[in-house]
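Student: Please take one helix of this predicted model and go through it closely. Which parts of the chain does it meet, and how does it sit against them?

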Amino acid sequence: MNDVNVSVSELLDHFETEGYCIIRNLLDPSVIEDLRLEIEQMVEEYAQKLLADHKTIDSYPNDPIEKRLMRLFENHLSEAPSMFRKQLHREGFYGLFFNRGLLDIVEKKLGEEILLYPNYTLRPKIPEMEAGRVLWHQDAGYTGNGEEVAQLRMVNLWTPLVKVNVENGCMQFIPGTHKLGAVPHVEKTYYLEIAEEELQPRLKDAINVELNPGDVVMFHNLLFHQGLPNHSDHIRWSLDWRYLDATQPTLRKEKGHIARSRSHPEKEVHNKQAWAQLSLT
């Protein structure tokens, strides 16, 4: 379900049936620009540290975010960051995590009390890095035990900052698998992977999730999904985050932050300055 003209009820019906829905052109270009500016600053900070540590002789200041990080680490690619979490308490991320239009949709699914779950991540998928191939999994596989996680009223969100396709490592979903409950996972080198007996019979139903900046995909915590490897010549930047019914526990030591509360609006994170003062707690 990815037609820009579909109603919220149609989107949520598709979510219930297939385990996901794509919300096209949800994010205003200014939100994307704020995110890109923050990423540019974060990469600049890396560049200055590498210069100070004599790990690069050029900071590549004129390179765009699609190229700069991989050029900075081209001689020691294994040391390149694969994710940013604690660093996301910057003003430019507020317009994404607390986006009114998105929260209006999420409220229809989760209710009037919404928590920004304490697991929000910026990911630079650098071309041909082995760790860039994210294996088939359920996000619930990484959180608590299966029975507890299956009870969480949660939605997962993902958005790209560059056009995402098969070549540069889009996600793949297996629609309908959220109805199976939490399934066994096995440990692999970098990630967990769904047990073969659960996965193999369903691989024929996998679909590619190709998106543009501004699009957001919302999917179920139990949906089978993976991230393809990046075979392009640029970094595939993306963000993933989650919302939880705020009346439920996070099953983590961190408590998260109130994104919307109809009963206690004073508890919400109201502006970008407040967000930048907080931390991953």
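Tutor: Start with the packing of α1. Its buried residues pack against two kinds of element: the strands β1 (20-23), β5 (154-160) and β10 (216-220), and the helix α5 (100-110). The helix itself covers residues 8-18, and its buried residues are Leu11, Leu12, His14 and Phe15. Look down the axis of α1. The buried residues fall within an arc of 155°, so they line one face of the helix.

Now take the helix partner, α5. The axes of α1 and α5 come within 11 Å. They cross at roughly 55°. That angle makes α1 oblique to α5. The crossing of α1 past α5 is right-handed. On the α1 side, the contact involves Val8, Leu12, Phe15 and Glu16. On the α5 side, Ile105, Lys108 and Lys109 meet them. By character, the residues of this contact divide into four nonpolar and three charged, with no polar ones. Leu12 and Phe15 appear in this contact, and both are also among the buried residues of α1.

Next, the end of the helix. Gly19 comes just after α1 and takes a positive phi of about 95°. Compare two positive phi values at residues that are not glycine. Glu128 has a phi near 65°. It lies in the loop between β3 (121-125) and β4 (134-137). Glu128 is exposed, at a relative accessible area of 53%, because the cut-off for exposed is over 50%. Leu251 has a positive phi of about 60°. Its place is the loop between β12 (236-245) and β13 (257-261). Leu251 is partly exposed, with a relative accessible area of 29%.

Last, a loop residue that follows β1, one of the strands packed against α1. Leu27 is found in the loop between β1 and α2 (29-52). Its relative accessibility is 6%, so Leu27 counts as buried, the limit being under 20%. Leaving aside residues up to four places away in sequence, Leu27 touches Ile32, Leu96, Asn99, Thr159, Gly214 and Val216. Two of these contacts lead back to α1. Thr159 falls in the range of β5, and Val216 in that of β10. Both strands pack against the buried residues of α1. Leu27 also gives a sense of reach along the chain. Leu27 and Lys55 are 28 residues apart in sequence, and their C-alpha atoms are 37 Å apart in space.

Note on methods. Residues are numbered from 1 along each chain as its sequence is written. This is a predicted model: local features need pLDDT of at least 70, side-chain atom pairs count only at pLDDT 80 or more; totals for chains, interfaces and linings use all residues. Side-chain values use heavy atoms; hydrogens and water are left out. Helices (H or I, at least four residues) and strands (E, at least two) are DSSP runs, numbered from the N terminus. Buried means under 20% relative accessible area, exposed over 50%, partly exposed in between (1.4 Å probe, protein chains only). The arc is that of the directions from the helix axis to the C-beta atoms. Contact means heavy atoms within 4.5 Å. Axes are lines fitted to C-alpha atoms, for helices over the stretch in contact, and angles run from 0 to 180 degrees between N-to-C directions. Angles under 35 degrees count as roughly parallel, over 145 as roughly antiparallel, 65 to 115 as roughly perpendicular and the rest as oblique. A crossing is left-handed if the near helix is turned anticlockwise from the far one by less than a right angle, and right-handed if clockwise. Ala, Val, Leu, Ile, Met, Phe, Trp, Tyr, Cys and Pro count as nonpolar, Asp, Glu, Lys and Arg as charged, and the others, Gly among them, as polar.
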